[in-house]
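Colleague: I would like to go through this predicted model and ask how each label was reached. Please set the values against the cut-offs.

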Amino acid sequence: MSAGPLPRRFYDRNVVTVARDLLGQRLVRVTPDGRTVGRIVEVEAYLPRDDPANHAYGGKTRRNASMFGPPGHAYVYAIHSRWCLNAVTEPAGVASAVLIRAVEPLAGVELMRERRSARAACHDGTVPERSAQGGCHGRAGRESLRDLARGPARLCEAFAIDRALDGWDLTRGEALWIDDAGDGAPPPREIAVSRRIGVTSAHDLPLRFYLADSPFVSRP
DNA sequence: CTACCGATTGACT
DNA sequence: GTCAATCGGTAGA
């Protein structure tokens, strides 16, 4: 059951609080191709101050501008030719965000599979046979349910999220938003905490949160 | 314009 | 655990 898009006031709170509360909520994406839904099982918090791993640490730039805007908007950035989705938190001007790292596919699974396998077509339209050694990791067979959205960039591929959605208002309930799962939020004892993955600074901070017994997290 | 870096992923030891 | 592919963002000449 869904109680509708999470409201602005949900995001307008401490980033760590929002991160924990996002676990169990439903990420929804609607395009002309159809609708995909996933249960959020893994997130990371990026603090507005004293956090060198935060893209906004060095100040506002063109890339991180969304993080300096009002809460409840998307911050989508590129890394290694892939996209990652954040939800902006705390009041406008306070640059903090929650990285959505993994979701459990709930609806639109075949659409997710199509989008994931489409990477075989490569960015320039090269046919899969020719791109096999060209750096485009084509996926020929059916990808397992567990792998479809396990990881921030995999998730964005399965949900057709890219730069066009940077700055998108997640509270409107159109195209891309996060539904309040109502009773879907797990009790705190099911939430595990760890260091953030992949960051090269501030790697000791316990800012990664995930559902301890979910097989859909990027790693335990 | 060039040079460098990385909140990733997939393959491999 | 290690390693590199690959390209947008960023800083600097």
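Colleague: Why does leucine 145 count as partly exposed?

Modeller: Its relative accessibility is 34%. Partly exposed covers what lies between under 20% (buried) and over 50% (exposed), so leucine 145 counts as partly exposed. Leucine 145 is found in the loop between α4 (128-131) and α5.

Colleague: What is leucine 145 in contact with, leaving aside its neighbours within four places in sequence?

Modeller: Pro105, Val109, Arg113 and Phe216. Contact requires heavy atoms within 4.5 Å. For a distance across the model, the C-alpha atoms of leucine 145 and proline 48 are 35 Å apart, with their positions 97 residues apart in sequence.

Colleague: Why does leucine 111 count as buried?

Modeller: Its relative accessibility is 12%. The cut-off for buried is under 20%, so leucine 111 counts as buried. Leucine 111 lies in helix α3 (residues 109-117), where Met112, Arg113, Arg115 and Arg116 are buried as well. The buried residues of α3 pack against β1 (26-31), β2, β5 and α5.

Colleague: Which residues does leucine 111 contact, leaving aside its neighbours within four places in sequence?

Modeller: Asp33, Gly34, Arg35 and Thr36. Between the C-alpha atoms of leucine 111 and valine 199 there are 31 Å, the two being 88 residues apart along the chain.

Colleague: How do you know that cysteine 156 is not bonded to the closest cysteine sulfur?

Modeller: That sulfur is in cysteine 84, at 5.8 Å. A disulfide needs two cysteine sulfur atoms within 2.5 Å, so 5.8 Å is too far for a bond. The count for the model comes to zero disulfides, and cysteine 84 is in none.

Colleague: Are cysteine 84 and cysteine 156 buried or exposed?

Modeller: Cysteine 84 has a relative accessible area of 2%, and cysteine 156 is also at 2%. With the limit for buried at under 20%, the conclusion is that cysteine 84 is buried and that cysteine 156 is buried.

Colleague: What makes aspartate 50 exposed?

Modeller: A relative accessible area of 68%. Exposed starts over 50%, so the label for aspartate 50 is exposed. Aspartate 50 is found in the loop between β2 (34-46) and β3.

Colleague: What is the phi of aspartate 50?

Modeller: Near 55°, a positive value in a residue other than glycine. Most residues other than glycine have a negative phi. Alanine 202 also has a positive phi, near 50°.

Colleague: Where is alanine 202, and why is alanine 202 called partly exposed?

Modeller: Alanine 202 is in the loop between β7 (191-194) and β8 (208-211). Its relative accessible area is 24%; buried would need under 20% and exposed over 50%, so alanine 202 is partly exposed.

Colleague: Which residues of the largest nonpolar core touch the most other members?

Modeller: Leu22, Leu27, Val43, Leu85, Ile100 and Ile161, in a core of 41 residues. Beyond residues up to four places away in sequence, leucine 22 touches Leu6, Phe10, Ile40, Val43, Ala87, Val98, Ile100 and Ile178. A second, separate core has twelve residues, among them Tyr77, Cys84, Val88 and Leu99.

Colleague: How do you know that tyrosine 77 makes a polar contact with DNA strand B?

Modeller: An N or O atom in the side chain of tyrosine 77 is 3.2 Å from a base nitrogen of the strand. The limit is a pair of N or O atoms within 3.5 Å, so the pair at 3.2 Å qualifies. The side chain of tyrosine 46 has an N or O atom 3.3 Å from a sugar or linking oxygen of DNA strand B, and a polar backbone atom of proline 152 is 3.2 Å from a phosphate oxygen. The elements giving two or more residues to the surface near the strand are β3 (74-79), β4 (82-89), β5 (96-107) and α5 (152-158).

Colleague: How many residues surround DNA strand B, and of what class?

Modeller: 23 residues: eleven nonpolar, seven polar and five charged. The closest are His55, Tyr77, Asn86, Ala153 and Arg154. Of the strand atoms within 4 Å of the protein, 53% belong to sugar or phosphate and the rest to bases.

Methods
Residues numbered from 1 in each chain as written. Chains lettered and ligands numbered in written order. Predicted model: local features only at pLDDT ≥ 70, side-chain atom pairs only at ≥ 80, totals over all residues. Heavy atoms only, no water. Near = heavy atom within 4 Å. Polar contact = N/O pair within 3.5 Å; in protein donor to acceptor, adjacent residues only side chain to side chain. Helix = DSSP H or I, 4+ residues; strand = E, 2+ residues; numbered from the N terminus. Nonpolar A, V, L, I, M, F, W, Y, C, P; charged D, E, K, R; others polar. Buried < 20%, exposed > 50% of the residue type's maximum accessible area, 1.4 Å probe, protein only. Core = buried A, V, L, I, M, F, W, Y, C linked by side-chain atoms within 4.5 Å.
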